[in-house]
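Hi everyone, thanks for making time. I'd like to walk you through a structure that's probably new to most of you, so let's put it up on the screen.

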Amino acid sequence: AGPVARMVLSAESFVPHAIAVLQSKGLWQGMAPASVKISLLPVGRPWVAVLSPSIASGHNSVVLKFGTKFSAAAPLAGHEVLSEVGVAIPLVGHGITEDGIPFTLEALAAGLRPSDDEWGDSSLWEDNAKLTAKLHQVGTAWFDVHRAEILEKIPLLKDEPLNAALWVMVRPDMLAKHGSEHFLPQADKLRQLLAALPRPSGSHAERLVTVHGDLHHQNILRMPTGESVLADLEGVCVSSAVQDLVHVSDSNLIAFYLESMIGQTPSAHEVDALWLEALIAEHVHFHVLRHIFWDMAGWWTPEEVAAHMDGYIEHAARFASFAEKLRGDAVLAKKVMGPGPEADKDWRGDCEAMMAGVL
């Protein structure tokens with residue numbers, strides 16, 4: 001059998017377990033596995049499938065996700081909390097098979113949000129910002145027990161503040177994928193890097209909140225009732241608020257976000273200050289931490305890790321000086337940031353050209 005056939009068999013094996021979970025919640029009563037239609041969504045491991053009961057039954061379809069990526073303890077707990085307050089796609093249930101394979105069951109959304117080409121309507125920016133603000137107003141206590149477990153695996157994090165960007169990097173699926181022994185560079189090099197990198201600055205940027213960890217418009221779904229909800233919650237954790245602004249570092253979204261958070265129209269200075277912090281955090285996330293922890297984790301030899309880390313440490317020190325100059329000179333910062341997302345500025349690249357003109 002080919003890959004698709006194997007996926008069908010894999011999804012079918014979860015159907016009895018899914019029905020049992022649903023029936024324990026008073027759903028799908030009287031449904032038999034043979035009457036459930038499986039529609040595969042081959043988006044990579046863990047596999048995802050839509051389970052649809054017969055139309056005559058009157059029951060709603062659910063989305064089955066199976067594998068540790070979606071069912072690790074921390075993101076699952078976060079999903080439950082966010083589902084209860086209407087921020088995340090409803091989590092209908094979860095369970096584990098007799099073979100020890102975890103799975104989750106989610107409500108079926110009406111569809112994805114607009115594509116990159118369609119993204120630009122101010123109403124969409126506002127909707128995204130309101131959802132982000134609603135997320136950031138959720139409590140953080142749910143993460144305490146999971147933070148303690150992560151600290152046991154990665155003691156180095158004990159030296160980092162609770163709102164450090166590094167918390168977004170050590171998500172459970174990445175730890176499982178790479179293994180902690182290959183996931184982190186040498187502790188001394190990593191400490192040097194983290195000490196050199198600029199930290200979030202300002203009350204709105206550094207606020208300790210529940211973050212999605214990968215918040216861009218393709219991870220926002222529209223429910224049949226019309227409201228928007230967050231999806232793909234395997235990276236949900238607690239960190240600084242600015243970590244959820246790095247994927248769409250745009251002044252329009254920043255303005256709507258601040259208005260939702262403070263309850264009034266923000267000043268141009270407030271918007272520009274948080275926009276700058278989002279751009280600084282974007283560079284730290286994509287060019288430095290993400291490249292080291294996700295893109296190259298497990299690929300570099302120990303010798304290569306040491307050499308590359310020295311280069312990143314040097315770059316981090318220069319970038320921190322660059323960030324401080326921009327924070328202290330609003331006119332220069334505005335010039336470097338440009339008029340908006342259409343500006344020819346590559347904050348995810350190495351920023352060398354921008355830094356050369358400032359440092």
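I'll go through the cores, then a few strands, and finish with some helices. One thing up front: what you're looking at is a predicted model.

Okay, the inside. As a general point, nonpolar side chains in soluble globular proteins tend to be buried together. Here, the largest nonpolar core is made of 83 residues. If you want to find the residues with the most contacts inside that core, go to L193, L289, F322 and W347. And which helix gives this core its largest share? That's α12, residues 268-295, which puts in 15 residues.

Let's zoom in on F322 for a second. Leaving out anything up to four places away in sequence, F322 touches V336, W347, M354, M355, V358 and L359. There's also another core, lying apart from that one, with 23 residues. Among them are A18, V21, L64 and M223.

Hang on to L64, since we meet that residue again in strand β3. This strand covers residues 62-66, and five of its five residues are buried. So what sits on each face of β3? On one side you've got V62, L64 and F66, on the other V63 and K65, and they're all buried.

β3 has partners, too. Strand β2, residues 48-52, runs antiparallel to β3, and four bridges join them. In that pairing, V48 is opposite K65. Then there's strand β5, residues 102-107, which pairs with β3 over five bridges, again in the antiparallel sense. There, look for F66 standing opposite F103.

Now helices. Take α3, residues 73-84. How far apart should the ends of its 12 residues be? At 1.5 Å a residue, α3 should span 16 Å, and the end C-alpha atoms are 17 Å apart, so the two agree. Plenty of α3 is tucked away: A74, P75, L76, A77, G78, H79, L82 and S83 are buried. Following α3 you'll find G86, with a positive phi, near 80°.

Last stop: a helix pair. People describe two packed helices by the angle between their axes and the distance between the axes. For α11, residues 251-262, packed with α12, the angle is about 115° and the axes are 9 Å apart. The crossing of these two is right-handed. On the α11 side, the residues in contact are S251, I254, A255, Y257, L258 and I262. They meet E270, V271, L274, W275 and A278 of α12.

That's my tour, so thanks for listening.

Note on methods. Residues are numbered from 1 along each chain as its sequence is written. This is a predicted model: local features need pLDDT of at least 70, side-chain atom pairs count only at pLDDT 80 or more; totals for chains, interfaces and linings use all residues. Side-chain values use heavy atoms; hydrogens and water are left out. A nonpolar core is a set of buried Ala, Val, Leu, Ile, Met, Phe, Trp, Tyr and Cys residues joined through side-chain atoms within 4.5 Å. Buried means under 20% relative accessible area, exposed over 50%, partly exposed in between (1.4 Å probe, protein chains only). Contact means heavy atoms within 4.5 Å. The expected span of a helix is 1.5 Å times one less than its number of residues. Two strands pair if DSSP finds at least two bridges between them. Axes are lines fitted to C-alpha atoms, for helices over the stretch in contact, and angles run from 0 to 180 degrees between N-to-C directions. A crossing is left-handed if the near helix is turned anticlockwise from the far one by less than a right angle, and right-handed if clockwise.
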